[in-house]
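I am opening a notebook on a structure that is new to me. I will take one topic at a time and write down what I find.

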Amino acid sequence: MTMVKVLFYLMGFITLASALFVAASKSLVRSVFMFFVTLLSVAGLYVLALADFVAITQIVIYVGGILVLILFAFMLSGKETLANLQQQNDRFLSISKLPALLLAVLFFIVFINILFKTDINNLQWVNKAVSYKVDVKPDSPMTSNIGTGLMTTYLLPFEAISILLMMALVGAAHLSRKEKNG
Amino acid sequence: MIGLSDFLIVSAGLFCVGLYVILTKRNAIQVLIGIEMMLNAAILNLVAFGKYDRLANGGQMFALFAIVLAAATTAVALAIILNIYKKYKTIDPDQIHELKD
């Protein structure tokens, strides 16, 4: 058992455990902060999948942006929301949650079934990539690769997403402005 | 090294927890957190598969695009949630059942 494996299992365990805590906790603040842990450990999993740039982006955008935004929105929405949230139903496993639990477990079974049916570790194109040595090695320069790709192969999606970000910015600003007269 | 299936199992678990959160929580912000969890599971899949293609590098590239998309979605969704809270004084998705104002 190498160090990488140990780290992977640690990260995977933290990810799933904190996600389950988010699902189980009744307090919104606690679940938001546990979601923070989930996002950080998912970033750790990205590092173990040799995608360090994506991991840093995950930390900067998700943890620094989205989570702060969620906290902000929820603190802007006042004390009454908090009071409403506290009087939710009490138990984690009540009968009304049974269909949701059933659906989630069945989805998980289907996923695992697909994984084993397709024999995912011996996919043809994956084996070919490993034998041609085009898979990512720990020392291959992925950040410069991403930079080159953004300016050549993926230029069109890059421009499209910039327009979409612009639209989302204008839309969010329009939605959250104070209405004066109609 | 870590095999592909390990990543995919973790991601499947994360997706199912996110699904459960979406279906059970009675608070729009927590539903949003569940959606983010499912998105993260999908991005983890992209990154795990992207390990086997260094030349085109499609996996990591589209993981980046998906992260940016998630940021845009969250901004708009939170603006909508704030507006709904202003109008209905609740953010329980079950209690918001009319579209007209």
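Entry 1, the make-up of chain A. I counted eight helices and zero strands in chain A. Reading from the N terminus, I noted the order of its elements as α-α-α-α-α-α-α-α.

Entry 2, confidence. I kept in mind that this is a predicted model. For chain A, I found an average pLDDT of 85, with 88% of the residues scoring at least 70. I then looked up where in chain A the confidence is lowest, and that is helix 4 (residues 79–86), with a mean of 59. Confidence in chain A is highest in helix 1 (residues 3–24), at 93.

Entry 3, burial and contacts in chain A. Chain A has 182 residues, and I noted that 23% of them count as buried. I also looked at contacts in chain A between residues at least 6 apart in sequence, and 53% of these join residues at least 24 apart.

Entry 4, helix 5 of chain A. What span should the 21 residues of helix 5 (residues 98–118) of chain A have? At 1.5 Å a residue, I expected 30 Å, and the end C-alpha atoms are 30 Å apart, so the two agree. Helix 5 of chain A is hardly covered, as I found one buried residue among its 21 residues. Asp119(A) follows helix 5 of chain A, and I noted that its phi is positive, near 55°.

Entry 5, where the two chains meet. I found 63 residues of chain B in contact with 73 residues of chain A. On the side of chain B that touches chain A, helix 1 (4–24), helix 2 (28–50) and helix 3 of chain B each supply at least two residues. Which helix of chain B gives the largest share of that side? I found that it is helix 3 of chain B, with 20 residues. By type, I sorted the residues of the side of chain B that touches chain A into 43 nonpolar, 13 polar and seven charged.

Entry 6, one residue of chain B. I picked Gly59(B), which lies in helix 3 (residues 58–88) of chain B. Is Gly59(B) buried or exposed? I put Gly59(B) down as buried, because 23 other C-beta atoms lie within 10 Å, and the cut-off for buried is 20 or more. Leaving out residues up to four places away in sequence, I found that Gly59(B) touches Leu46(B), Val47(B), Phe49(B), Gly50(B) and Asp53(B). I also checked Ala48(B), which is eleven residues from Gly59(B) in sequence and 7.7 Å from it in space, C-alpha to C-alpha.

Definitions and conventions
Residues are numbered from 1 along each chain as its sequence is written. Chains are lettered from A and ligands numbered from 1 in the order in which they are written. This is a predicted model: local features need pLDDT of at least 70, side-chain atom pairs count only at pLDDT 80 or more; totals for chains, interfaces and linings use all residues. A residue is buried if 20 or more other C-beta atoms lie within 10 Å of its own, exposed if 12 or fewer, and partly exposed in between; C-beta atoms are placed from the backbone. Two residues are in contact if their C-beta atoms, placed from the backbone, lie within 7 Å. pLDDT is the predictor's confidence in each residue, from 0 to 100. The expected span of a helix is 1.5 Å times one less than its number of residues. Ala, Val, Leu, Ile, Met, Phe, Trp, Tyr, Cys and Pro count as nonpolar, Asp, Glu, Lys and Arg as charged, and the others, Gly among them, as polar.
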